[in-house]
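Welcome! Have the viewer open, take your time, and try each exercise before reading its solution.

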Amino acid sequence: MDSKIQLYKMSLDERRKTIKELANLTDEEILYYNGNLTNIADKMAENVIGTYELPLGIATNFLINGKDYLIPMAIEEASVIAAASNAAKIARIKGGFTAYADEPFMLGQIQVLNLDDVEVAQIEILRHKKEIIELANTCDATLVKFGGGCKDIEVRKIDEGMLVVHLLVDCRDAMGANAVNTMTEKVKEKIEELTGGNVLLRIITNLAIYRKAYSYATYDKDALGGEEVVDKILKAYEFAESDIFRCATHNKGIMNGIDALIIATGNDFRAIEAGAHSYAAMQGYAPLTHYSKDKDGNLVGSIAMPMAVGTIGGATKIHPQARTNLKILNVKSAGELAGIAVSLGLAQNLAALRALATEGIQRGHMELHARNVAISAGVPIEIADKIVKIMIKDKKITMDYAKEIFEKIK
Ligand code: MEV
């Protein structure tokens with residue numbers, strides 16, 4: 001793949017043509033991006049009257065574990081896709097992102113109440129681990145066939161009257177909520193029999209601590225704008241580390257990228273959000289990213305967080321755009337997708353910190369806004385950039401002014 005493709009310089013039709021070629025899409029697949037998916041939507045949720053569409057753009061320049069990626073992002077906010085592509089371009093200089101994902105283990109929780117003795121109940125469950133696991137694995141023969149299924153059990157004492165049993169389920173390439181929830185329901189009676197207590201809730205937890213993804217990148221100091229910019233970014237990071245108000249927004253910026261990819265691939269963004277923030281709060285709310293400076297003065301960024309995504313199941317295959325977006329990504333497993341998601345989050349965070357620590361984020365927004373205004377005013381795409389520069393310089397971003405400059409240039 002040509003890493004230097006400049007989608008932002010193309011018209012919408014040219015972009016579609018380029019992505020169609022690069023990702024080997026069929027005529028039918030590229031047409032999905034025209035929308036009109038009401039019939040499919042009607043099968044996905046209740047009381048459907050239509051669909052609600054978001055802009056779908058492609059982030060470029062991403063090099064992750066030595067492989068180039070085009071990353072589809074569904075997001076309504078201006079500048080996010082450009083910012084991610086820009087940070088990825090800087091990361092490429094020093095080899096791009098290095099990502100890793102844990103094995104896809106999710107936790108199913110079973111709440112046990114009314115116990116005579118919590119300690120004894122705990123021991124009885126552990127003693128019968130093997131039977132519980134075997135029973136859970138009768139639920140999903142396909143998952144077991146592909147090497148997944150319930151693999152272990154944990155027991156946690158919440159207080160004298162409440163115990164929680166965790167089923168550790170390897171979900172392979174699925175997000176796994178259905179498989180896990182079915183298993184927790186299946187073992188209810190067995191757990192009651194073993195403990196003499198009553199089982200109440202049986203549900204997956206989104207705090208997927210055993211299914212984290214990680215990524216790091218070194219950002220060249222000169223490409224960032226010099227060592228003083230690196231130092232400013234480190235100070236911005238310290239702010240997030242030491243203040244929860246700032247930290248909330250720091251993590252929100254990370255999720256700008258991650259959610260956009262999660263939505264584009266038909267995954268459950270509420271689950272990812274819940275996992276991200278509960279994980280960030282485990283030892284007092286903290287940033288999901290970390291930054292330091294290497295011996296040459298370059299910035300080293302890293303990220304670690306739960307990333308329970310699937311490439312099969314749910315909407316990933318039913319929704320034609322989600323399916324095609326996975327094709328554009330060219331991912332082979334849920335783990336690979338998880339590594340891309342966190343690398344994107346890391347890139348997004350770097351872009352935000354760099355902008356905030358230098359010129360502020362409004363200039364980027366203004367450029368995009370001015371570009372939209374110029375194009376809406378009928379300015380041909382080839383000269384839009386020139387007109388945008390003039391409008392920003394003169395602090396006059398209106399359609400009339402765009403037309404006026406265009407007339408003069410002509
Ligand atoms: C805006 O959507 C995201 C930022 O506020 C993130 C941040 O402040 O780090 C720019």
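## Exercise 1: A glycine in a loop

Gly297 is buried, with a relative accessible area of 2%. Please keep in mind that this is a predicted model.

**Task.** Find where Gly297 lies and which residues it touches.

**Solution.**
- Step 1: Look between strand 9 and strand 10 (299-306); the loop there holds Gly297.
- Step 2: Compare the 2% relative accessible area of Gly297 with the cut-off for buried, which is under 20%. Gly297 therefore counts as buried, although a loop is its home.
- Step 3: Search for partners beyond four places in sequence: Gly297 touches Lys221, Glu227 and Val230.
- Step 4: Take one of these partners, Lys221. It is 76 residues away from Gly297 along the chain, yet the two C-alpha atoms are separated by 6.4 Å.

## Exercise 2: The whole chain

**Task.** Describe the protein chain as a whole: how many helices and strands does it have, and what share of its residues counts as buried?

**Solution.**
- Step 1: Go through the secondary structure, which gives 19 helices and 10 strands.
- Step 2: Turn to burial. The protein chain has 410 residues, and 48% of them count as buried.
- Step 3: Picture the extent of the chain: its C-alpha atoms fill a box of roughly 85 × 50 × 35 Å along the principal axes.
- Step 4: Consider the outside. The accessible surface is about 20,100 Å², and carbon and sulfur atoms contribute 53% of that.
- Step 5: Consider the contacts with a separation of 6 or more; residues 24 or more positions apart account for 71% of them.
- Step 6: Finish with the charges. There are 48 positive and 54 negative ones, and their mean positions are 6 Å apart.

## Exercise 3: Around the ligand

**Task.** List the residues that surround the ligand, and find which helix gives the largest share of the shell.

**Solution.**
- Step 1: Collect the surrounding residues: Glu77, Arg246, Thr249, His250, Lys252, Gly253, Asn256, Ala352 and Leu356.
- Step 2: Check the polar side chains. An N or O atom in the side chain of Glu77 is 2.7 Å from a ligand oxygen. For Arg246, a polar side-chain atom lies 2.8 Å from an oxygen atom of the ligand. The side chain of Asn256 has an N or O atom 2.9 Å from a ligand oxygen.
- Step 3: Look at how much of the ligand is covered. On its own the ligand has 300 Å² of accessible area, and the protein covers 85% of this.
- Step 4: Assign the residues to elements. Helix 12 (244-264) and helix 16 (334-357) are the elements that give two or more residues to the shell. The largest share, 6 residues, comes from helix 12.

## Exercise 4: Two buried strand residues

**Task.** Decide whether Thr289 and Asp170 are buried or exposed, and name their contacts.

**Solution.**
- Step 1: Find Thr289 in strand 9 (residues 289-293). Its relative accessible area is 3%, so Thr289 is buried.
- Step 2: Beyond four places in sequence, Thr289 touches several residues, among them Tyr237, Ile254, Ser302 and Leu346. Another contact of Thr289 is His250, a residue you met in the shell around the ligand.
- Step 3: Move to Asp170 in strand 6 (residues 162-170). With 4% relative accessibility, Asp170 counts as buried.
- Step 4: Look for a polar partner: a polar side-chain atom of Asp170 lies 2.9 Å from the backbone nitrogen of Arg172.
- Step 5: Outside its neighbours within four places, the contacts of Asp170 include Pro104, Phe105, Gly148 and Lys151.

## Exercise 5: Positive phi angles

**Task.** What sign does phi have in Asn24 and in Asn47, and are these residues buried or exposed?

**Solution.**
- Step 1: Recall the background: most residues other than glycine have a negative phi.
- Step 2: Read the angle of Asn24. Its phi is positive, about 55°. Asn24 sits in the loop between helix 1 (12-22) and helix 2 (27-31), and at 62% relative accessibility it counts as exposed.
- Step 3: Read the angle of Asn47. Its phi is also positive, near 50°. Asn47 belongs to the loop between helix 3 (38-44) and strand 1 (56-64), and with 76% relative accessibility it counts as exposed.

Terms used. Residues numbered from 1 in each chain as written. Predicted model: local features only at pLDDT ≥ 70, side-chain atom pairs only at ≥ 80, totals over all residues. Heavy atoms only, no water. Helix = DSSP H or I, 4+ residues; strand = E, 2+ residues; numbered from the N terminus. Buried < 20%, exposed > 50% of the residue type's maximum accessible area, 1.4 Å probe, protein only. Contact = heavy atoms within 4.5 Å. Areas by Shrake-Rupley, 256 points an atom, 1.4 Å probe, with all protein chains shown as cover. Lys, Arg positive; Asp, Glu negative; His and termini not counted. Charge placed at Lys NZ, Arg CZ, Asp CG, Glu CD. Near = heavy atom within 4 Å. Polar contact = N/O pair within 3.5 Å; in protein donor to acceptor, adjacent residues only side chain to side chain.
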